[in-house]
Amino acid sequence: MRDLLQQTPSLGNALWFFLAAVVLLVILLGFVTYAIYFERKVIGWMQARIGPNRVGPLGLLQTVADVAKLLIKEDTRPKHADKALYALAPILAYAPAFAVLAVLPFTETLQFADLGIGILYYIALSGITVLGVITAGWASNNKYSLIGGLRSAAQMISYEVPLVMSVVGVVLMTGSMNLREIVLAQQDMWNFIPQFLGFAVFLVAAQAELNRTPFDLPEAESELVGGYHVEYSGFRFAMFMLAEYVYMFGMGAMVTILFFGGWLPIHPALSFIPGIVWFAVKLLLYVFLQFWLRATMPRPRVDQLMSFAWKVLLPVALLNILITAVVISYQSGMI
Amino acid sequence: MTGEFIAFFVLSLLTIGGAVFMISFTRVVHMVISLGITFISIAGLYVLLGAEFVGVAQVLVYSGAISILMLFGIMLTKHDASDEGTGNTWKNWLSLIFVAALFGLMFWGIQSSVWPAPPETAASDVSNVKQIGLDVFKRYVIPFELISVLLLVALVGAIIMAKKEGNKE
């Protein structure tokens, strides 16, 4: 990190950084395009429908057409909206979503920044998105979007606590917050077996952080019309959707790295398959889980949501930390 | 001209700019957003100094704090409420003189004091979290625990005050 900052800046390496970021962005856009297509197909199949099949072969260009439609739409803005904040909110929501990807190690060598505190960086930056969501809700000058923004803030701040707590077990086992070292410590056994409690809490809390079903109350259509982005259209709406799917990518990568051994193969004998393939397979399984849940789970009531975070998830996460700490102290001969 | 210098320049501009706008804006949500920019830029300055952990903790703590502050700002003020600003010009001049004097004093103090040469620490590996952890939980464990008691008392106090108000209604 420091070497990178202390390099003499020149047009050459600035261009190089820029190019690397653009390549990541393009890969990400490709992922989001086909994640949306896949989501519609999977949910279609689960509901005994066909799903999109008109645009392009097998409907493969459906999302491309949808995005094109979004981009050429008129960019509307409510008359009494707060002009500057209305424009700022999508940026505040999306920029952290892209920035968190910098610390994720996709393979042993493919990583943008090898931070010693990778986990904390991810969690801290993803918290900034809440600010964008509240700003969007307030600046739209619409009561539904304001309620959606408030709900979202309450939910994301509450569920961040069990999310962080559930990761502590993994950090204790590894003795490091560096994501690369966490993966390398899982050579013998993936973390989701010894850390099953932590894994369960993480999975549920991540669902709430992503605002995905069954925790999609901030955009509950039947109660709030559309949530915090109800007044947004065109490109700005696309930014919010993009942020949501990029977070899905990021959270999938986090689950893969923290609990499923990142780029490590299932068995050392299978290590002839490159690490990036393993990483992608695990990530896509998580993404599939999202769509599966969306097609099957109902939504809890808003009052059940908060008590679940504080009265169920947090105690379980604390118990997990206690058990992990006791076991580790026992193994190292401290007690 | 190193990258560090450019980053420092941009971050300090954002820090000071956010603080200035925080004072000069008149609507509470705008103020909170510019305060947030200040806090996040300060986190960037920490990272520049090699204190990644402090920087990330700054973002972690203050982004949540800013969100809560914004919620209270929205809920406790009217939608169109705005500061009407102080009309008293002589008061403004008086405060300008005081601020200028304070700035002069601090600038003089900083310029004239002799700083000890920074100890040549071995360039630590990627992370300094471990060092912070060892220091906090071994050397400074009693102050650390006392602070946690203080926070707990503040928390309980806030709950008791809120409860009292609820009972009156």
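**Figure 1. Residues 140-162 of chain B, a listed transmembrane region in a predicted model.** The stretch 140-162 of chain B is 96% helix and 0% strand. Its end C-alpha atoms stand 33 Å apart. Residues 89-110 of chain B are 100% helix and 0% strand. Here the end C-alpha atoms are 31 Å apart. Both stretches carry the name "transmembrane region" in an unreviewed UniProt entry. That entry also lists residues 6-25, 32-49 and 55-77 of chain B.

**Figure 2. The two domains of chain B.** Domain 1 of chain B covers residues 1-81. Domain 2 of chain B covers residues 129-169. Between the C-alpha centres of these two domains lie 24 Å.

**Figure 3. Chain A, a chain of helices.** Chain A has 13 helices and zero strands. Its pattern along the sequence is therefore written with α alone, as α-α-α-α-α-α-α-α-α-α-α-α-α. The C-alpha trace of chain A spans about 65 × 55 × 45 Å along its principal axes. A compact globule of 335 residues would have a radius of gyration near 20 Å, and the 21 Å of chain A agrees with this. Of the 335 residues in chain A, 42% are buried. Take the contacts in chain A with a separation of 6 or more: 78% of them join residues 24 or more positions apart.

**Figure 4. The largest nonpolar core.** This core holds 98 residues. Which of them touch the most other members? They are A:Ala93, A:Ile119, A:Tyr121, A:Ala205 and A:Ala243. Helix 11 of chain A, residues 234-259, gives the core its largest share, 16 residues.

**Figure 5. Helix 5 of chain A, buried along its length.** Nine of the nine residues of helix 5 are buried, so this helix is largely enclosed by the rest of the structure. Among the buried residues are A:Gly118, A:Leu120, A:Tyr122 and A:Ser126. What covers the buried residues of helix 5? From chain A, the cover includes helix 4 (83-99), helix 6, helix 7, helix 8 (179-184) and helix 11. Chain B adds helix 3 (52-76) to that cover.

**Figure 6. A:Ile119 and its contacts.** A:Ile119 is one of the buried residues of helix 5 of chain A. Leaving out residues up to four places away in sequence, A:Ile119 touches A:Val167, A:Val171, A:Met177 and A:Leu179.

**Figure 7. Where chain A meets chain B.** Here 29 residues of chain A are in contact with 25 residues of chain B. On the side of chain A that touches chain B, helix 1 (2-6), helix 5 (118-126), helix 6 (128-139) and helix 7 (143-174) each supply at least two residues. The largest share of that side, six residues, comes from helix 6 of chain A. By type, the side of chain A that touches chain B has 20 nonpolar, seven polar and two charged residues.

**Figure 8. A:Pro298 in a loop of chain A.** The loop runs between helix 12 (275-296) and helix 13 (302-331) of chain A. Is A:Pro298 buried or exposed? A:Pro298 is exposed, because just 6 other C-beta atoms lie within 10 Å, and a residue counts as exposed at 12 or fewer. The C-alpha atoms of A:Pro298 and A:Pro214 are separated by 6.0 Å. Along the chain, A:Pro298 and A:Pro214 are 84 residues apart.

Methods
Residues numbered from 1 in each chain as written. Chains lettered and ligands numbered in written order. Predicted model: local features only at pLDDT ≥ 70, side-chain atom pairs only at ≥ 80, totals over all residues. Helix = DSSP H or I, 4+ residues; strand = E, 2+ residues; numbered from the N terminus. Rg over C-alpha atoms; globule rule 2.2 N^0.38 Å. Buried ≥ 20, exposed ≤ 12 C-beta atoms within 10 Å, placed from the backbone. Contact = placed C-beta atoms within 7 Å. Core = buried A, V, L, I, M, F, W, Y, C linked by C-beta atoms within 7 Å. UniProt positions renumbered as here; feature names shortened; annotations may be inferred. Nonpolar A, V, L, I, M, F, W, Y, C, P; charged D, E, K, R; others polar. Domains from an automatic or database assignment.
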